[in-house]
Amino acid sequence: MTNDILSISGVGKRFGGLRALDDVNLNVRQGSVHAIIGPNGAGKSTLLNCLVGRIIPDEGSVTFDGGSLLGHSPHQINQAGIARVFQTPEIFGELSVMENVMIPAFARKDGAFRINAWARARERRAVREEAEHILDDLNLWEQRDQIVNSMSRGDKRRLELAMCLVQHPKLLLLDEPTAGMSRADTNNTVDLLKKIAERGITKVIIEHDMHVVFSLAETVSVMAQGTVIAEGTPEQIKASDKVQEAYLGGAHL
Amino acid sequence: MSESVLTSEKGIGRSPAERHRPKGDGMRGFMSSSRSDYVILAIFALAVLTMPVWLAPIGAGYPDILQKFAIFGIFALGFNILFGFSGYLSFGHAAFLGTGSYAAVWMFKLLSMNALIAVVFAIVVAGIFALLIGYVSLRRSGIYFSILTLAFAQMSYNLAYSVLTPITNGETGLQTSRSDPRILDTMMGADPHILRTPDFFGIALQGWPGFYFCAILLILAFFVTMRIKNSTFGLMLFAIKSNQNRMNYTGFSTRPYLLAAFVISGMYAGLAGGLLAVTDPLAGADRMQWTASGEVVLMTILGGVGTLLGPVIGAAVMKYLEQIFSSFNEGFLHRSFDFLPTGLQDFVVTIVSPFVGEGWHLTLGLLFMIVVIFLPGGIMEGIAHLTRRFRKGETGGSGQTARTGH
Ligand SMILES: Nc1ncnc2c1ncn2[C@@H]1O[C@H](COP(=O)(O)OP(=O)(O)OP(=O)(O)O)[C@@H](O)[C@H]1O
Ligand SMILES: [Mg+2]
């Protein structure tokens, strides 16, 4: 298919004796929302790790936007247009909310490395305005001067999402973006993600919350024991016996 | 340019800042203007230049010690750019201090006694040296990085005593002599056979002029550090310190940033080393020893890691205490405690004497322990505590920037 922004084929990864990923094949259509579900330890996060350069797969290929991702370092992959929200927030805990969002905006404006040791960071207008808009959109404006470490878990997740969105990525990877959020926050996040979808950012989302999955995703892939066992529309997945078995038969759920 | 990610229903062209901010500057602290930078700089400059006056009452109002404050202040300022801003602890910065001294003395020998030339050369040579050492050491992080820098510094120290004696003059140390060519000075008509002290376009840098020369460079170094801290580059360093992983996944190649910080801080050390040679044109390898590297770590921690002013204060406090405690001897102690009965006096002197004179490092160790245990943020944290106590009830939020506030 020509309009796949991301194609994963035959990807495998071992950790010692454990086959964390085993011949994973997955295609993500440009502009779509693609959910990956599956029991704990299925290899979902490991798959994302392969996409962002944290882990190099033992075999297989990963193609993004026409080029291979393998062999590139995390910062190159990000510069190519992939941003990721981690399962446990990766944010700058000692810095303020505003700074946390300005930093990724700088990466987009200035590239991977540029020394600008004289002008004040906060006076880079284009970057600051970009950050301000995102904070506003994600209801973080009131907290912009707060030190991130002192925020609640839900707010930290929202912040990490803001840090990714400010980069206008082509592909956004979300690893359980609503974990640890209250019901209300979860609903807000879902609304927010729906809105971003309108802007054409392709998203791959790992989620345990089926309500979130079924209200967002156009395509759902089910992973179990390191491989994709089913793929289809939310309706097809709901009706699939195989999926029921993976969940009900799995040790974890 | 900066349009919202979402289809904005909130009015086009107005930034959130404009929409939310009622009146005046609601973004206190965050938006602290560059004007406040200049106020800080002016106060700092004034304080440094008037040190001879306000430090006289504690017995530090003479040029020798004050220029040490300034020189080691510069050393610590630069060290803090690496350690305080980016979190990479180098245990080998004395190598750059020593390199700076050698480079400066070589300029005194070859070109001119003009301190400016010597100092510029010291900065350049130390910078190049830092580029080499930093390039290799930054292949690792954390403790391995520290060990690598330590190893490089000890290698430099040993090389200065062995292979490199033609450059360093080994144990004797490198100094100026009557037979030096001093090409520029000779061209300007000076008699190279008369040994002069380093000067700044005719002003001999001895005594007070020596101090003011160092003091002005300290103020300059402080200003540059302040700019770096508030710059985009500075923000990146703080971000690396906070979460280097996130920096990588955010699209930054972090190593060049770290290398730049390493080189800059090496250049500060080179400047400090050059100034040591200006105030006393002699360079020895002991300046590169690991104890000297450790000293700048202590100064920075004592003053406050990552703060702007802390390292300068830490350097001054340490040099002051060194001066005081190392000058005490038993005779002085007996005189100090002669109000006590003889037996008790001897006892007290026996207890105290290991901590003074040669043994002043014991005092330093104690002081360091006390600071690290009770004031992990160093003297600056102590000052912040005090000002907060004074201001209690005045305002809720602290006006400090995010990074100094912990
Ligand atoms: N770096 C690693 N080293 C060794 N084993 C790992 C590593 N990363 C993951 N694993 C193992 O690989 C398997 C898959 O882990 P992964 O984190 O991908 O699961 P997951 O599907 O994201 O589960 P969860 O829903 O709990 O987040 C697990 O058994 C895990 O212990
Ligand atoms: Mg996971």
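**Figure 1. Strands β3 and β8 of chain A pair side by side.** Strand β3 (residues 33-37) of chain A pairs with β8(A) in the parallel sense, over four bridges. The model shown here and in the other views is predicted. Within this pairing, A:A35 has A:I205 of β8(A) as its bridge partner. Strand β8 of chain A spans residues 202-206. On another side of the story stands β7 (residues 171-175) of chain A, which also pairs with β8(A) in the parallel sense, here over five bridges. A:L173 finds its bridge partner in A:V204 of β8(A).

**Figure 2. Strand β8 of chain A is mostly covered.** Five of the five residues of β8(A) are buried. Which residues of β8(A) point one way, and which the other? A:T202, A:V204 and A:I206 point one way. A:K203 and A:I205 point the other way. Both sets are buried, the lysine A:K203 included. A:I205, the bridge partner of A:A35, and A:V204, the bridge partner of A:L173, thus belong to opposite sets.

**Figure 3. A β-α-β unit leads into β8 of chain A.** The unit is made of β7(A), helix α6 (residues 183-198) of chain A and β8(A). Its hand is right. The two strands of the unit, β7(A) and β8(A), are parallel and share five bridges.

**Figure 4. The magnesium ion (ligand 2) has two protein donors, A:S45 and A:Q87.** A:S45 gives its OG atom and A:Q87 its OE1 atom. These donors lie 1.9 to 2.2 Å from the ion. A:S45 sits in helix α1 (residues 44-52) of chain A, and A:Q87 in the loop between β6 (82-85) and α3 (97-110) of chain A, so the pair ties together parts 42 residues apart in sequence. A:Q87 has a relative accessibility of 34% and counts as partly exposed.

**Figure 5. Four strands of chain A form an open antiparallel sheet.** The order is β2-β1-β4-β5. β2 (18-29) and β5 (67-68) of chain A stand at the edges with a single partner strand each, so one side of each lacks a neighbour in the sheet. Inside the sheet, β1 (residues 4-15) and β4 (residues 59-64) of chain A pair in the antiparallel sense over five bridges. A:L6 has A:F64 of β4(A) as its bridge partner. A:G12 stands opposite A:E59 in β4(A).

**Figure 6. β4 and β5 of chain A form a hairpin.** The two strands run antiparallel and are joined by two bridges. A:F64 stands opposite A:G67 in β5(A). A:F64 is also the bridge partner of A:L6. Two residues lie between the strands of the hairpin. Which residue in the turn has a positive phi? A:D65 does, with a value near 55° in a residue other than glycine. A:D65 belongs to the loop between β4 and β5 of chain A. With a relative accessible area of 42%, A:D65 is partly exposed.

**Figure 7. B:F201 has a positive phi.** The angle is near 45°, in a residue other than glycine. B:F201 is found in the loop between β2 (199-200) and β3 (203-204) of chain B. Is this phenylalanine, B:F201, buried or exposed? B:F201 is exposed, at a relative accessible area of 59%.

**Figure 8. B:M107 is buried in helix α5 of chain B.** The helix covers residues 94-110. B:M107 has a relative accessibility of 9%. The C-alpha atoms of B:M107 and B:V120 are separated by 9.8 Å, and the two residues are 13 apart along the chain.

**Figure 9. The second largest pocket has a volume of about 600 Å³.** Its lining holds 25 residues, and the closest to its centre are B:K68, B:F72, B:L276, B:R287 and B:K319. The elements of chain B that give two or more residues to the lining are α4 (63-86), α13 (254-279), β4 (282-283), α14 (290-303) and α15 (310-327). Which element gives the largest share of the lining? It is α4(B), with six residues. By class, the lining has nine nonpolar, eight polar and eight charged residues.

Note on methods
Residues numbered from 1 in each chain as written. Chains lettered and ligands numbered in written order. Predicted model: local features only at pLDDT ≥ 70, side-chain atom pairs only at ≥ 80, totals over all residues. Heavy atoms only, no water. 1 Å grid on protein atoms, 1.4 Å probe; cavity = no way out; pocket = protein on both sides within 12 Å on 5 of 7 lines; lining within 4 Å. Points joined across faces, edges and corners; volume = space filled by probe spheres on them. Nonpolar A, V, L, I, M, F, W, Y, C, P; charged D, E, K, R; others polar. Buried < 20%, exposed > 50% of the residue type's maximum accessible area, 1.4 Å probe, protein only. Pairing = 2+ DSSP bridges. Right-handed = clockwise from strand over helix to strand, strands pointing away. Donors = N, O, S within 2.8 Å, 3.2 Å for Na, K, Ca; no water.
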